[in-house]
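Work through the exercises below with the model open beside you. Try each task before reading its solution.

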Amino acid sequence: MFKRQTLIAWLALVAISVMPFSALAQTQIKLHSNKYSVQDDVKLGRQAAQEAESQFPLLRDEEVRNYVESVGRRLVGSIPREFQHPEFAYYFKVVNARDINAFALPGGPMYVNRGMIEAARTEGEMAGVMAHEISHVALRHGTAQASKGQKYSILGGIAGIAGTILGGPGVGQLAQAPFAVYLLKFSREYENEADILGAQIMAQAGYNPRDLANMFRTIEQQGGGGGGFLSDHPSPSDRYARINREAESLRVNNSGYRESRDFARVQERLRGSGSAPTMAEIQRSGQRNPVGEQTGNYPSNPPSGRVAYPSSRYQSVSIFNGGVNVRVPSNWRQVNEGNAVWFVPEGAYGQANGQAVYTHGASFGVAQTNSRNLQSATQDLINSFAQGNNNLRTSGGYQRSSLSGRTALVSTLTNVNEATGRPEIIRLITTQLRNGQLFYMVAVAPQNERGFENAFNQILRSLRIND
Ligand SMILES: [Zn+2]
């Protein structure tokens, strides 16, 4: 209910905003230009969903899941025709996590945290967050933002697209907080659009569009969600006002949602089943990631360089948000450093002169280069490696090879290891991604140690790029 003062403020606000127009009309939203196809959205979302579901514990409760799915269906059925993509497959799953959050992936997969359902005061508030997320998907914001491309140009390629859609930071930081990967970071313009379209979808589905605004208040009252929905969605007070303003122009469809006991029943069910872990707790337990993320936790001492031989057993790992799948020796661990992902045996990594140093292992990365020609792009990359590394030399020319079914170049480099002072051989394998960016693998081992050749070859053969 409005307080009197608020009502007066509202009338003033509405009066100002309608002045130039004869009638108050709902805001028209247009699709942004997008160089990706609708199929790209579907494909990217599918990859990311696979990754998400390997990391998040889904709530195995059919009643709750069916309920959330039914609310989602009602909202999807209310997306304006111009933003409906028949290729998209919306579905809704509940993550058994306490944080107040929800996220949707391109093409339609959507995940609602149990904490979000428990925090909402009404079905309308829960539906509001879902309608907002659905709007990002329907408006293809992920690939639209990736189309602009400037923001994450270093990461580019698969990693860049995934990074842009799924989170702000670079791949290294993404891995640092695997769950934050899925928290969408969009520009303010896109957030506003998702609020406006979300409100329109709400009204068409029979919900009060103001419940989307109310949910911001509810989340704030409950402590802001601790890294959840609000922190990814800035300036709640502006948005509160804007959504309510839009609501003025919307007519709630009377043949849509009817209030029922369903929401209350589901909440009781959840509250009666113990408390869910937080995302951070899930991440720490780390059971679902066979390799284990080790980010930034380098031993502060230099690597000893004394390492075990690569295991003959291999494990499959998915990196760059599912953009690359590879098999690595099971006694190697994953270390994320900046934009690169390393797989190394114990004893092969540490720090020297304040920098991360590796003596044995393989790393993967994506580089933005100015050249569309594989050979000159590779030379650019080698030049960038050589900066600040006076001992790095190329040894011989390029060898043609193949990687994941595409043309690749193999370059051999020599170096003196910064930590051990021993000469080492670096093999660099490069290939181009569909968008022209350079994907590379670096394999490093001391010159006099031959036991790693076989492991590097196995890794190379197993590598699959899905760009
Ligand atoms: Zn958003």
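## Exercise 1: A loop serine

Task: Locate Ser249, then decide whether Ser249 is buried or exposed.

Solution. Ser249 sits in the loop that links α12 (236-248) and α13 (262-271). Keep in mind that this is a predicted model. The relative accessibility of Ser249 is 18%. The cut-off for buried is under 20%, so Ser249 counts as buried. Now look for a polar partner. A polar atom of the Ser249 side chain lies 2.7 Å from the backbone oxygen of Glu246.

## Exercise 2: The chain as a whole

Task: State how many helices and strands the protein chain has, and what share of its residues is buried.

Solution. Start with secondary structure: the protein chain has 16 helices and 16 strands. Next, burial: 54% of the 467 residues are buried. Finish with contacts. Take those in the protein chain with a separation of 6 or more; 67% of them join residues 24 or more positions apart.

## Exercise 3: Two crossing helices

Task: Describe how the axes of helix α5 and helix α10 cross, and work out which residues make the contact.

Solution. Take the geometry of α5 (residues 123-138) and α10 (residues 210-221): their axes come within 8 Å and cross at roughly 105°. Angles of 65 to 115 degrees count as roughly perpendicular. The two helices α5 and α10 are therefore roughly perpendicular to each other. Now list the contact. From α5 come Gly124, Glu125, Gly128, Val129 and His132; from α10 come Asp211, Leu212, Asn214, Met215 and Thr218. Sort the contact of α5 with α10 by class: three residues are nonpolar, five polar and two charged.

## Exercise 4: Asn214 up close

Task: Which residues does Asn214 touch, leaving out those up to four places away in sequence?

Solution. Place the residue: Asn214 belongs to helix α10. Check burial: Asn214 has 19% relative accessibility and therefore counts as buried. Beyond four places in sequence, Asn214 touches Arg121, Glu125 and Tyr240. Within α10, the side chains of Asn214 and Asp211 are joined by a polar contact of 3.0 Å. One further distance: the C-alpha atoms of Asn214 and Ile243 are 9.5 Å apart, with their positions 29 residues apart along the chain.

## Exercise 5: A mixed sheet and its helices

Task: Give the strand order of the open sheet that contains β1, β2 and β3, and identify its edge strands.

Solution. The order is β1-β3-β2, and the pairing is mixed. The edge strands are β1 and β2, each pairing on one side only. Neighbouring strands of this sheet are turned by 15° against each other on average, direction ignored. Now the pairing of β1 with β3 (residues 109-113): five bridges join them, and they run parallel. Tyr91 has Pro109 of β3 as its bridge partner. Helix α3 (residues 62-76) packs on the sheet and touches β1 and β3; its direction makes about 140° with that of β1. Helix α5 lies across β1, β2 and β3, at about 25° to β2.

The loop between β1 (91-95) and β2 (102-104) holds Asp99. At 16% relative accessibility, Asp99 counts as buried. Its C-alpha atom is 7.8 Å from that of Arg114, 15 residues apart along the chain.

## Exercise 6: An antiparallel sheet

Task: Give the order of the open sheet that contains β5, β6 and β16, and say which helix lies across these strands.

Solution. The order is β5-β6-β16, with antiparallel pairing. The edges are β5 (314-319) and β16 (464-465), each pairing on one side only. Six bridges join β5 to β6 (residues 324-329). One bridge pair is Gln315 with Val328 of β6. Helix α16 (residues 453-462) lies across β5, β6 and β16, running at about 155° to β6.

## Exercise 7: Covered elements

Task: Sort the residues of strand β8 by the way they point, then name the buried residues of α6.

Solution. In β8 (residues 340-345), six of six residues are buried. Ala340, Trp342 and Val344 point one way; Val341, Phe343 and Pro345 point the other way. In a regular strand the side chains alternate between the two faces of the sheet. Strand β8 pairs with β11 (residues 361-367) in the antiparallel sense over three bridges. Val341 has Phe364 as its bridge partner in β11.

Turn to helix α6 (residues 141-148): seven of its eight residues are buried. They are His141, Gly142, Thr143, Ala144, Gln145, Ala146 and Ser147.

Methods
Residues numbered from 1 in each chain as written. Predicted model: local features only at pLDDT ≥ 70, side-chain atom pairs only at ≥ 80, totals over all residues. Heavy atoms only, no water. Axes fitted to C-alpha atoms, helices over the stretch in contact; angles between N-to-C directions. Helix = DSSP H or I, 4+ residues; strand = E, 2+ residues; numbered from the N terminus. Parallel < 35°, antiparallel > 145°, perpendicular 65-115°, else oblique. Contact = heavy atoms within 4.5 Å. Nonpolar A, V, L, I, M, F, W, Y, C, P; charged D, E, K, R; others polar. Buried < 20%, exposed > 50% of the residue type's maximum accessible area, 1.4 Å probe, protein only. Pairing = 2+ DSSP bridges. Polar contact = N/O pair within 3.5 Å; in protein donor to acceptor, adjacent residues only side chain to side chain.
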